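Hi there,

Here is the structure I promised to pass on to you. My notes on what turned up in it follow below, so have a look at the model and then read on.

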Amino acid sequence: MILSMTGFGKSVYELPNKKIVVELKSLNSKQMDLSTRVSNIYRERDLDMRTIITNKLIRGKVDASIYVEVTSDERTAQINRPVVESYFNQLLEIANGLGVDDKAMILRLAMPLPDTIKTETPVLTEDEWNILQNVLNAACDALIDFRKREGESLHKDLESHVAKIEQYLGEVPQYEQARITKVRQRIESSLNEIVGSANIDTNRLEQEMIFYIEKLDINEEKVRLAQHIKYFRETMANEPEPGKKLGFIAQEMGREINTLGSKANEANLQRLVIQMKDELEKIKEQVLNVL
């Protein structure tokens, strides 16, 4: 089954005072290339989250955003009263020495000083970590569903290009006899110009013709290309992550098509080879998106 490497998945879970949001985006890549943007409270679990994403998504250039939206007025900042009182008393002592009697002004001077506000650092509890794992897995599953839908389109597109190559390969035999006849006529014409028809050794000519035509024989290339096409289809249908293997098979198909082109020596065969190459390039481009 074909999965695309392109996808998007999102999952949200609401707690009484906040909302956990996970968004995943994936593009094609030769291996897993994962970048994460994580809220501070979850950074201690960054490696664990990376493991979950990698195990689920296998391969691709993945951007993960894992953040928290506060949904209630939960105050985590508090005035550090002992520090404020210490500042205030020291400033008041100085003010009294200078003859200044404005306690409100002294308090305003004390509040911006260091450590007057203490912030409680949120702690990730085990229960919230379990929830986060579920949200992360749900986002991965949503992205995989997206990949499946894209994969169906990819499968249809690849099959259409493979079918065209198979069609062009099926048209090759009708031009093979004409190709051999043209090769023979060309050789005989050249010999006649050089030595004259009366001086041609017919038996030797036949031997040389057989040798030359055997060098131009394309039956093996046709058979191997047909086998590669069959293997390509089987791999699309049966492999769980066939992208890399399909790329290798496409390379082998290209070798056989190129050999057909080098041996063709016939205009119609060359045209078929060009058409096959065109379809193969489209296959190679699409295979890059297959997981």
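Let me start with helix 1, in what is a predicted model. The helix covers residues 46-57, and at 1.5 Å a residue its 12 residues should span 16 Å; the end C-alpha atoms are 16 Å apart, so expectation and model agree. Buried in this helix are Asp46, Met49, Ile52, Ile53 and Leu57. Viewed down the helix axis, the buried residues fall within an arc of 125°, so they line one face. Leu47 and Asn55, on the other side, are exposed. What lies over the buried face? The cover for the buried residues of helix 1 includes strand 2, strand 3 (32-38), strand 4 (60-70) and helix 4. Right after the helix comes Ile58, which has a positive phi, near 70°.

Strand 2 (residues 18-27) deserves a second look, as it contains Ser26. With a relative accessibility of 2%, Ser26 falls under the 20% cut-off and therefore counts as buried. Its side chain reaches the backbone oxygen of Met5 at 2.5 Å. Leaving aside residues up to four places away in sequence, Ser26 touches Met5, Thr6, Gly7, Gly60, Lys61, Val62, Leu143 and Arg147.

Now to the nonpolar cores. The largest has 29 residues, and those with the most contacts inside it are Leu158, Ile165, Leu225, Phe232, Met253, Met276 and Ile283. At least two residues of this core come from each of helix 4 (126-171), helix 7 (219-238), helix 8 (243-264) and helix 9 (267-287). Which residues does Met276 touch? Not counting residues up to four places away in sequence, Met276 touches Ile165, Tyr168, Leu169, Leu225, Ile257 and Leu260. There is also a second, separate core of 26 residues, which includes Leu15, Leu34, Ile53 and Cys140. Ile53 also appears among the buried residues of helix 1.

On to charges, which may be of interest for your setup. Side chains of opposite charge can pair when their charged atoms come close. The structure holds 20 salt bridges. One of them joins Glu126 and Arg45, with the closest N and O atoms 3.7 Å apart. This pair links distant parts of the chain, as Glu126 is in helix 4 and Arg45 is in the loop between strand 3 and helix 1, 81 residues apart. Glu126 counts as partly exposed because its relative accessibility is 48%, and Arg45, at 22%, counts as partly exposed too.

Helix 4 also takes part in a salt bridge between the side chains of Glu166 and Arg233 (3.0 Å, N to O). Here Glu166 in helix 4 is linked to Arg233 in helix 7, 67 residues apart, another connection between distant parts of the chain. Glu166 is partly exposed, with a relative accessible area of 39%, and Arg233 is partly exposed at 24%.

A local pair is found in helix 8, where Arg255 and Glu252 are 3 residues apart, about one turn of the helix. The closest N and O atoms of their salt bridge are 2.4 Å apart. Arg255 counts as partly exposed at 46% relative accessibility, as does Glu252 at 32%. Finally, salt bridges with shared partners join Glu220, Glu221, Arg224, Glu256 and Lys263 into one network.

Best wishes, and happy browsing!

Definitions and conventions. Residues numbered from 1 in each chain as written. Predicted model: local features only at pLDDT ≥ 70, side-chain atom pairs only at ≥ 80, totals over all residues. Heavy atoms only, no water. Core = buried A, V, L, I, M, F, W, Y, C linked by side-chain atoms within 4.5 Å. Buried < 20%, exposed > 50% of the residue type's maximum accessible area, 1.4 Å probe, protein only. Helix = DSSP H or I, 4+ residues; strand = E, 2+ residues; numbered from the N terminus. Contact = heavy atoms within 4.5 Å. Polar contact = N/O pair within 3.5 Å; in protein donor to acceptor, adjacent residues only side chain to side chain. Expected span 1.5 Å × (residues − 1). Arc of directions from axis to C-beta. Salt bridge = Lys/Arg side-chain N within 4 Å of Asp/Glu carboxyl O.
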